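Please open the model in the viewer and display side chains as well as the backbone. The tour proceeds by selections, each followed by a description of what is found there.

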Amino acid sequence: RLGRGGAAAPLLSGGFAGVVAYTATYPLDVVKTRQQSSCAPPGCGPLAGRGAGSVAEVARGLTAEFGPAWLYRGMGPTLLRAF
């Protein structure tokens, strides 16, 4: 039995939990994707000539070049999908 809130309370709770989870993990996913798609020769994106490096190195490089807000770029559609 769902009680007073009906089906809305569990649906909203699950949606908000998804938003919190994606907000916490999205920057790591951006760094991982950049790390996987970067290459060592010049002309291969923002990490050109630097190779992939560690997660921390890639995160520092991205935030230094594009700013910390760049780690959350494109997050809107992801949050809609989470809800």
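Select T78 first, together with Y22 and Y26: in this predicted model, T78 touches both tyrosines, residues up to four places away in sequence being left out of account. T78 belongs to helix α3, which spans residues 75–82. Is T78 buried or exposed? With a relative accessible area of 11%, T78 is buried, because the limit for that class is under 20%.

Keep Y26 selected and extend the view to its surroundings. Beyond its neighbours within four places in sequence, Y26 is in contact with L71, Y72, R73, G74, M75 and T78.

Next, select M75, one of the residues in that list. M75 lies in helix α3 and counts as buried, its relative accessibility being 9%. Which residues does M75 contact, apart from those within four places in sequence? They are Y22, T23 and Y26. A C-alpha to C-alpha distance may also be drawn from M75 to P27: the two are separated by 48 residues in sequence and by 9.3 Å in space.

Move from M75 to its contact partner T23. T23 is placed in helix α1. At 32% relative accessibility, T23 counts as partly exposed, whereas M75 is buried at 9%. With neighbours within four places in sequence set aside, the contacts of T23 are Y72, M75 and L79. For L79, a second distance can be drawn: T23 and L79 lie 56 residues apart in sequence, and their C-alpha atoms are 8.1 Å apart.

Now select the set Y26, V30, V31, V58, L62, W70, L71 and M75. These eight residues form the largest nonpolar core. Colouring the set by element shows that α1 and α2 are the elements that give two or more residues to this core. The largest contribution is that of α1, with three residues. Y26 and M75, visited above, are both members of the core.

Turn then to the pair of helices α1 (residues 8–37) and α2 (residues 55–66). Two packed helices are described by the angle between their axes and the distance between the axes. Here the axes come within 9 Å and cross at roughly 100 degrees. The two helices are therefore roughly perpendicular to each other, since angles of 65 to 115 degrees fall in that class.

To view the contact itself, select V31, R34 and Q35 on the α1 side, and V55, V58, A59 and L62 on the α2 side. How do the residues of this contact divide into nonpolar, polar and charged? Five are nonpolar, one is polar and one is charged. Three residues of this contact, V31, V58 and L62, also appear in the core selection.

Finally, clear the selections and display the whole chain. Its secondary structure consists of three helices and zero strands, and along the sequence the pattern reads α-α-α. Of its 83 residues, 23% count as buried. Among contacts between residues at least 6 apart in sequence, 51% join residues at least 24 apart; the contact of T23 with L79, 56 residues away in sequence, is an example. With a surface representation switched on, the chain exposes about 5600 Å², of which carbon and sulfur atoms supply 64%.

Key
Residues numbered from 1 in each chain as written. Predicted model: local features only at pLDDT ≥ 70, side-chain atom pairs only at ≥ 80, totals over all residues. Heavy atoms only, no water. Helix = DSSP H or I, 4+ residues; strand = E, 2+ residues; numbered from the N terminus. Buried < 20%, exposed > 50% of the residue type's maximum accessible area, 1.4 Å probe, protein only. Contact = heavy atoms within 4.5 Å. Axes fitted to C-alpha atoms, helices over the stretch in contact; angles between N-to-C directions. Parallel < 35°, antiparallel > 145°, perpendicular 65-115°, else oblique. Nonpolar A, V, L, I, M, F, W, Y, C, P; charged D, E, K, R; others polar. Areas by Shrake-Rupley, 256 points an atom, 1.4 Å probe, with all protein chains shown as cover. Core = buried A, V, L, I, M, F, W, Y, C linked by side-chain atoms within 4.5 Å.
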